[in-house]
Amino acid sequence: MTSLSDAAVEKPAELGHKASALTAAGPFVALAAVAAILPLIGNDYWAVIATRAAIYWVLVAGLNLIVGYAGQLAIGYVSLLTLGAYVTSVLAAGNVLPAMPLAVCFAAAAMTGAIFGVVVGLPALRLRTFYFAISTLGFATIVTQIALAWQSVTGGGIGLTGPEFPKPFDTPWGFYTFCLGVAAFATWITSNVAHSRYGRALVAIRDADVAAEANGISKSRALIPVFLLGGAMAAVAGGLFAVLQTYITPDAFTFDLSVLFFIAILIGGRGSILGPLIGTVVLTILPEFAAPLAAWSTFLYAVLLLVIVLAVPGGIADVLDFHNRRVLTNNRAIVPDPSVLPGLYAGRPAAEPLTMRGVVLAFGGVRALDGVDLTIEPGTVHGLIGPNGSGKTTALNVISGYYALQKGEVRIGDTPLPTGRPELRADLGLARTFQTPRVVAEETVLENVMIGGTVSGRAGFLTTLLALPGRGRDERELAARGRMALRAVGLESLADVRASRLQHSELRFIEIARALMLAPKLLMLDEPAAGLSPDEIARLGDLISAIARHGTAVLLVEHHADLIFAICQHVTVLNLGRVLADGTPADIRSHKEVVSAYLGG
Ligand code: ADP
Ligand code: MG
């Protein structure tokens, strides 16, 4: 059996990880090498094109976190480029305030960009995707109109001169070198964010928002830092753009530019940095090779986008992802190893009972929960059964905060659980899995599990951005813990495989591993045995029992009566939102009404 699962990875996990980190850096090193020899082989004309690509990338790198990682359709991002270009140019020209040093101009632009990055982004917290996309376009129009109308400051339609760089950056290749440095820095900081709990939180919001909340990720707290960062980077790019143009007018900032930024990310591939980087370079250079077609550039972008979306839906990043093309064995057995659980539970607060008292929740006229009392003791498996529609999932949703109860109370230990607010549950030690597994298909198994540890990370956003020691410590601890949790559920050999390649049963076990990252006080499992083979159900039962033995209170909603009676110490039967029976498995099995209404025999 081990030989089967070992076939998925040829190298020990640690070595494999280092090797894949090296392969990941390879393409960036190659690109940097090409960028470094350009000045030796190209003319001044190419210096301008290459500089433009570097500047666009500074903007796209930040936007990539918002669009590619968090999945928010911010299409009108040219507005922040415009804003940055005008702030730097106006401050450097000194036509309003006394002329300021370049560093101050750029710092002011970055700050303005950060503020307006949040202003442009905020609607994303309320509006659905397309409405948000339109709102960003609206903002772009407003900025252009203000630049046109506010003549005393911006020069209106006539425009104004861009800032000038001092020696040695005042030549085309000198300025190129400067912008290349900024672009490299942009790549580095966004990659630091992407490969951290902040980046994983963004992807979780994009692909599994309900699971993200259950893991303690609040949409606003995850998005606001990247709105700040994306806005600041776009505005700095705007300042550099003004220097490159030497003279700016409102019509330099066209809708086409917004489209270019957005499409560079789409053809690059979601959740990748290398892909959108290549996308940006290609889209910047493309019109140069097709000069006669310049008027058609938007059309060309659209065609390119269509071709890529149809031929390789994952974008450039997918084409370059050789690692995930390795064949996986088909008959992989899931063999949990509960012996690692003590490691996961070490140093965690002791579990506490969960109590529901008189909980009522009605949907219109339907009383889904009608005065439910329930106590789940630490160290036990508590079964919750009942016919379809009896309120089992609703009970889990009330405890996890997705539904606000109308009467009654839910407590963990002595702490009342705040009504609603699912994102506060993880901090209180509550974890759950879902009736339909909710994982991020495009991330690796290990990264999915690490999402479960989001609330235990300690490094702040700035620490993460600049890769200060706290970020490294967080990542090492989370990864080590993630591997331990995967070992506990029997999926360690698949840690570095993308989750989209796994079977349904394996996804169920990933969700359990993700929940184990918290060493939870309460673990809620919604029909975890659905779709598993009898062998897998038996192993799942052993795993759940072992988790309870380590102190966790387990609430198990399940249709497989055999599993319920085999591993539960206590069973509650719901019917029409009320507790029909409550007791040991033996009590329930001999309960007349339960047998006639539900167990059917
Ligand atoms: P179970 O999980 O036991 O099959 P549920 O908790 O999903 O049952 O549903 C209990 C009752 O509440 C059902 O009558 C269902 O139709 C109703 N219900 C559940 N969720 C909602 C909702 N979001 N809106 C309206 N009715 C709902
Ligand atoms: Mg249900």
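**Close-up views: ligand 1 and helix 21**

**View 1. The shell around ligand 1 in the predicted model.** Ligand 1 is surrounded by F363, V366, A368, P387, N388, G389, S390, G391, K392, T393, T394 and Y403 (a residue is near a molecule if one of its heavy atoms lies within 4 Å of it). Five of the shell residues are nonpolar, six are polar and one is charged (Ala, Val, Leu, Ile, Met, Phe, Trp, Tyr, Cys and Pro count as nonpolar; Asp, Glu, Lys and Arg as charged; the others, Gly among them, as polar).

**View 2. Polar contacts of ligand 1 (pairs of N or O atoms within 3.5 Å).** A polar backbone atom of G389 sits 2.8 Å from an oxygen atom of the ligand. For G391, a backbone N or O atom is 3.0 Å from a ligand oxygen atom. Y403 uses a polar side-chain atom, 3.3 Å from a nitrogen atom of ligand 1. On its own, ligand 1 has 560 Å² of accessible area, and the protein covers 62% of that (Shrake-Rupley method, 1.4 Å probe).

**View 3. Elements behind the shell.** Strand 4 (366-376) and helix 17 (392-399) each give two or more residues to the shell around ligand 1. Helix 17 supplies the largest share, three residues. Helices (H or I, at least four residues) and strands (E, at least two) are DSSP runs, numbered from the N terminus.

**View 4. Helix 21 (residues 504-516).** Twelve of its 13 residues are buried, so helix 21 is largely enclosed by the rest of the structure (buried: under 20% relative accessible area, 1.4 Å probe, protein chains only). Among them are F509, R508 and E511.

**Notes.** Residues are numbered from 1 along each chain as its sequence is written, while chains are lettered from A and ligands numbered from 1 in the order in which they are written. In this predicted model, local features need pLDDT of at least 70, side-chain atom pairs count only at pLDDT 80 or more, and totals for chains, interfaces and linings use all residues; side-chain values use heavy atoms, with hydrogens and water left out.

Note on methods:
Expected span 1.5 Å × (residues − 1). Buried < 20%, exposed > 50% of the residue type's maximum accessible area, 1.4 Å probe, protein only. Polar contact = N/O pair within 3.5 Å; in protein donor to acceptor, adjacent residues only side chain to side chain.
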